[in-house]
Structures are given as structure tokens and as C-alpha cells.
Amino acid sequence: MSRLILIPHLGSGGAERVAVNLFRALGFEGVITFENRVAYDLPSEKVECIESPASDSLTKKFLNFPVRFWKIRAIKKKFGSRLTLSFLEPANLFNVLTKSSTERVVLSFRGHYSNDISHSPFWGRGITKYLVVFLYKIAFRLFYNRADLMVAVSHSARKDLVENFHLDPRKIEVIYNPVFLDEVVSRSGEGLGEHEILFKFP
């Protein structure tokens, strides 16, 4: 039985860094990604890419849905997942939809969703944005409370999920982003290169 991480990709970004840090620190057995963007040094055999990248096209978004569902479910079954931790959308959605009867599912919310819906390009534009947001709000109500645990990175984010998306407050814990103190100490002596000039002025 394995513990997996599900995330859209492992390119640059705060959620991606946290996912990789947790993968290394807690000994997860595998990472499932939607697209082959990996900016970290991870064993290739540990990363399962389903080759279903994001798209701005509403048609492509709908076509991606069954492909992602079946591929993620198959990989979870192959690994014998007993716990899957997901980061970002739509990974959270597919994590809870593909949950098996023997699996525990943890969803991680990295921001303030009410604000993200208004400003993030992820949700699309025009009619695409309207439909995606509408369907996500339904999905939150119907599916997300099936998760075993939901993690918010701040108390403000937790409040937003409860008040605006009606998620079960009993299942939401606030856990701040991890900081590896030994790494901070070891790197504190490194030079800043071209950025040194920032510290030459009051």
C-alpha cells in the first residue's frame, strides 16, 4: 500500500515546492501529475504523468475530464494507494472523485478561493470562466466533503472555504507551509550574487 501526491505539474511555484518537500521529508511513494513539467530532482520512476495538460479551451477541458478520471484511478489502483494528498485545482477534484473505499484522501487548499475565482486566469475568461466556476461551486458542495481531511494554509483561507463554499469545518485543519530550518541555516551563508546590491542601501 502506498502514499501518493497528486498535483497538476512540478514546475515552478509554491505549491509545487511544498509538494516536493513533503514527498522527500515524509517518504511518499509516488507523484501523479497531469503534465510533464518537472523542475525538481526526483527519481523518474516515482513520477507518473498522465499526459493531460491544462487548456483554455472549454471543449478541451470537458474532453480532459474522463481521461484524467480513468488514468488517475488506474494509477492509484496500480500503486495500491492508501492515502493520496492533492494540491491545487483540479487535482483536488480528481482526488476526491477517484477515492476508493480503502483510501484516505487529503485535499490541500493553497489560497483564498473567493479571491482566486475573481482574479486567477486558471478559471478562464468570459463564458468559459462562468461555466467552470459554476461547476466548481457545485462540485465543492457535492464532492469535497467526502475527503477525509482538508488542509488550508491560513485561518483566513479556512474561513473562506467554510463560509463561501460550505465545506465541513470539522474536516478542515490549518497547517502553515513547512520550513526546513536546517536548510535555511545552511543556505544563509551563501552569497546573493546580483541581488547583493539590495543590501548596500539603508
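**Overall architecture and local geometry of the predicted model**

Of the 202 residues that make up the protein chain, 41% count as buried. The structure described here is a predicted model. The chain contains 7 helices and 7 strands, and from the N terminus on its elements follow the order β-α-β-β-α-β-α-β-α-α-β-α-β-α. The radius of gyration is 18 Å, close to the 17 Å given by the globule rule for 202 residues, so the chain is as compact as a globular protein of that length. Along the principal axes, the C-alpha trace spans about 55 × 40 × 35 Å. Among contacts between residues at least 6 apart in sequence, 56% join residues at least 24 apart.

The 7 strands form an open sheet with parallel pairing, arranged in the order β3-β2-β1-β4-β5-β6-β7. The edges are occupied by β3 (47–49) and β7 (172–174), each of which pairs on one side only. On average, neighbouring strands of this sheet are turned by 20° against each other, direction ignored.

Strand β1, comprising residues 2–7, pairs with two strands. It is joined to β4 by 5 bridges, the two running parallel, and to β2 (residues 30–33) by 4 bridges, again in parallel. Leu4 stands opposite Thr84 in β4 and opposite Gly30 in β2. Strand β1 is mostly covered, with 5 of its 6 residues buried. Ser2 lies in this strand and, at 9% relative accessibility, counts as buried. When residues up to four places away in sequence are not counted, Ser2 touches Glu29, Phe79, Gly80, Ser81, Arg82 and Leu83.

Towards the β7 edge of the sheet, β6 (residues 149–152) and β7 pair in the parallel sense over 3 bridges. Within this pairing, Val174 in β7 is the bridge partner of Ala152. Strand β6 also contains Met150, which counts as buried at 0% relative accessibility. Residues up to four places away in sequence again being left aside, Met150 touches Leu107, Phe109, Tyr144, Asn145, Leu167, Asp168, Lys171, Ile172 and Glu173. The C-alpha atoms of Met150 and Lys77, which are 73 residues apart along the chain, are separated by 22 Å. Helix α6 (residues 155–165) lies across β5 (104–109), β6 and β7, and runs at about 165° to β7.

A helix–helix contact is formed by α2 (residues 58–79) and α5 (residues 126–142), whose axes come within 10 Å and cross at roughly 30°. Helices α2 and α5 are therefore roughly parallel to each other, since angles under 35 degrees count as such. In this contact, Leu58, Lys61 and Phe62 of α2 meet Thr128, Leu131, Val132 and Leu135 of α5. The residues of the contact divide into 5 nonpolar, 1 polar and 1 charged.

Several loop residues have backbone geometry that merits separate description. Most residues other than glycine have a negative phi, and most peptide bonds are trans. In the model, a cis peptide bond joins Glu89 and Pro90, with omega about 0°. Pro90 is located in the loop between β4 (81–87) and α3 (91–97). Leu88 is placed in the loop between β4 and α3 as well; this residue has a positive phi of about 70° although it is not a glycine. With a relative accessible area of 23%, Leu88 is partly exposed. A positive phi, of about 60°, is also found at His166, which is likewise not a glycine. His166 lies in the loop between α6 and β7 and is partly exposed, with a relative accessible area of 41%.

Note on methods
Residues are numbered from 1 along each chain as its sequence is written. This is a predicted model: local features need pLDDT of at least 70, side-chain atom pairs count only at pLDDT 80 or more; totals for chains, interfaces and linings use all residues. Side-chain values use heavy atoms; hydrogens and water are left out. Two strands pair if DSSP finds at least two bridges between them. Axes are lines fitted to C-alpha atoms, for helices over the stretch in contact, and angles run from 0 to 180 degrees between N-to-C directions. Contact means heavy atoms within 4.5 Å. Angles under 35 degrees count as roughly parallel, over 145 as roughly antiparallel, 65 to 115 as roughly perpendicular and the rest as oblique. Ala, Val, Leu, Ile, Met, Phe, Trp, Tyr, Cys and Pro count as nonpolar, Asp, Glu, Lys and Arg as charged, and the others, Gly among them, as polar. Buried means under 20% relative accessible area, exposed over 50%, partly exposed in between (1.4 Å probe, protein chains only). The radius of gyration is taken over C-alpha atoms; the globule rule is 2.2 Å times the number of residues to the power 0.38.
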